[in-house]
Amino acid sequence: DFTPTPADRFTFGLWTVGNTGRDPFGEPTRPPLRAPYIVEKLAGLGAYGVNLHDNDLVPIDASAAERDRIVAEFRQALSDHGLVVPMATTNLFSDPAFKDGAFTSADAQVRAYALQKTMRSMDLGAELGAHTYVFWGGREGTEVDAGGKLLSALGWFRDSLNFLAEYSEAQGYGYRFALEPKPNEPRADIFLPTVGSALGFIGTLDRPDLFGVNPEFAHETMAGLNFAHAVAQALDAGKLFHIDLNDQKMSRFDQDLRFGSENLKGAFTLVKLLEDSGYDGPLHFDAHALRTEDEAGVWAFARGCMRTYLILKDKARQFDADPEIQAALAEYHRADEELAALSRFTPENAASLKERTFDRAALGRRGLGLEHLDQLTNDLLFGIR
Ligand code: GCO
Ligand code: MN
Ligand code: MN
Ligand code: MN
């Protein structure tokens, strides 16, 4: 009946269900929720885990004693309700000190402070049992490119990530790091704006094996890109370390909509891709309830994210079992053993392929049946198959 259990690996951030509905134009519409209460509620809904930024839990100016008390209370709630913390991350965007970036600030003091804050946050994450550490560089970008940091910024970013990877190894934390790209918001132009950019950058790090990506549905969509294609590229590279699920209208402000609420077919494609790929990491919802909602609406939002995923997962199973859909797929994919063999390079194969005759006109005439297949997919999603 599409009720989630921890085996489904659904996670939420403290900042997601804890979102108070504040936006650039308006005050909060909901009171803040305490972290232990969020843990209790998420566990009750069947989630697997909860993720956090350092300051979602511990205020930036907390004393050491306060920090320890807050963390102890949170750990107690986790163990009482059986929730885990698979991922942790740093808030390097809220404090005014980070207004021009953290690792890519033009100010060496800010860059060093960002390293210090991240090391402390990594300590916290490790204490809570996190194995994945996310870097979302929300403030790592520019409005004024006359500031001249384009060539330096990526180097500063690289040095910081190299430092933090060494720190993790030296401490024995064993983190896997996931870079989360976003094209804009809050900065006009954020560095490493897409999954492809992040994958390219990872190859320039000292320990590329420790780094992967945390793609987000909304972020590629804001850039006008196809999210499933980006995820497929990350999977192909063995770099899908984490994923942020939500929804978004193209080319708009960052909406963080309930998963599947806007682009249902895109969500289906994604779920099918994830399930087919064997991805076994957490399925994290980085989204929040609409500003119009009260607390009941927040839990309706959280239930809806998980329910939609499970329904689409079931649709993916139906898709694979549907004879008419499978026949359409078999029509579309035409394999040829002999040509496959010939396409493995040897000088003889190359010579033979160069001489081969192809019926180009017939290739061009062949209909692929994709209109039919797509409508079958729609019918399946409409629930009439
Ligand atoms: C956003 C981002 C963030 C990050 C978070 C964890 O658009 O605000 O998606 O929510 O995911 O900071 O890294
Ligand atoms: Mn986002
Ligand atoms: Mn967002
Ligand atoms: Mn995110």
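Strands E6 and E8 (residues 211–213) run parallel and are joined by three bridges, and one facing pair is Phe-177 with Phe-211 of E8. This is a predicted model, so take everything below as read from a prediction. E6 covers residues 176–180, and from there we can move on to the positions that UniProt marks.

**Around strand E6**
- E6 also pairs with strand E4 (residues 132–136), again in the parallel sense, over five bridges.
- In that strand, E6, Glu-180 is the bridge partner of Trp-136.
- Four of the five residues of E6 are buried, so the strand is mostly covered.

**The "binding site" residues**
- UniProt, in an unreviewed entry, lists Glu-180, Glu-216, Asp-244 and Asp-286 under "binding site".
- These residues span 107 residues in sequence, but no two of their C-alpha atoms are more than 11.7 Å apart, so they gather at one spot.

**A look at Glu-180**
- Glu-180 sits in strand E6.
- It counts as buried because 22 other C-beta atoms lie within 10 Å, and the cut-off is 20 or more.
- Setting aside neighbours within four places in sequence, Glu-180 is in contact with Val-134, Phe-135, Trp-136, Asn-214, Glu-216 and Asp-244.
- Two of the listed "binding site" residues, Glu-216 and Asp-244, are among those contacts.

**A look at Asp-244**
- Asp-244 belongs to strand E9 (residues 244–245).
- Asp-244 is buried too, with 26 other C-beta atoms within 10 Å.
- Leaving out neighbours within four places in sequence, its contacts are Glu-180, Asn-214, Pro-215, Glu-216, Phe-217, His-284 and Asp-286.

**The "active site" residues**
- The unreviewed UniProt entry puts the "active site" label on His-53 and Asp-56.
- His-53 is found in strand E2 (residues 49–53), while Asp-56 is found in helix H3 (residues 54–57).
- Is His-53 buried or exposed? It counts as buried, with 22 C-beta neighbours inside 10 Å.
- Asp-56 has 19 other C-beta atoms within 10 Å, so it falls short of the 20 needed to be buried and is partly exposed.
- Beyond four places in sequence, His-53 is in contact with Trp-15, Thr-89, Thr-90 and Asn-91.
- Asp-56, counted in that way, touches Leu-14, Trp-15 and Gly-18.
- Trp-15 therefore turns up in the contacts of both His-53 and Asp-56.

Note on methods
Residues are numbered from 1 along each chain as its sequence is written. Chains are lettered from A and ligands numbered from 1 in the order in which they are written. This is a predicted model: local features need pLDDT of at least 70, side-chain atom pairs count only at pLDDT 80 or more; totals for chains, interfaces and linings use all residues. UniProt positions are given in the numbering used here, feature names are shortened, and annotations may be inferred rather than shown by experiment. Helices (H or I, at least four residues) and strands (E, at least two) are DSSP runs, numbered from the N terminus. A residue is buried if 20 or more other C-beta atoms lie within 10 Å of its own, exposed if 12 or fewer, and partly exposed in between; C-beta atoms are placed from the backbone. Two residues are in contact if their C-beta atoms, placed from the backbone, lie within 7 Å. Two strands pair if DSSP finds at least two bridges between them.
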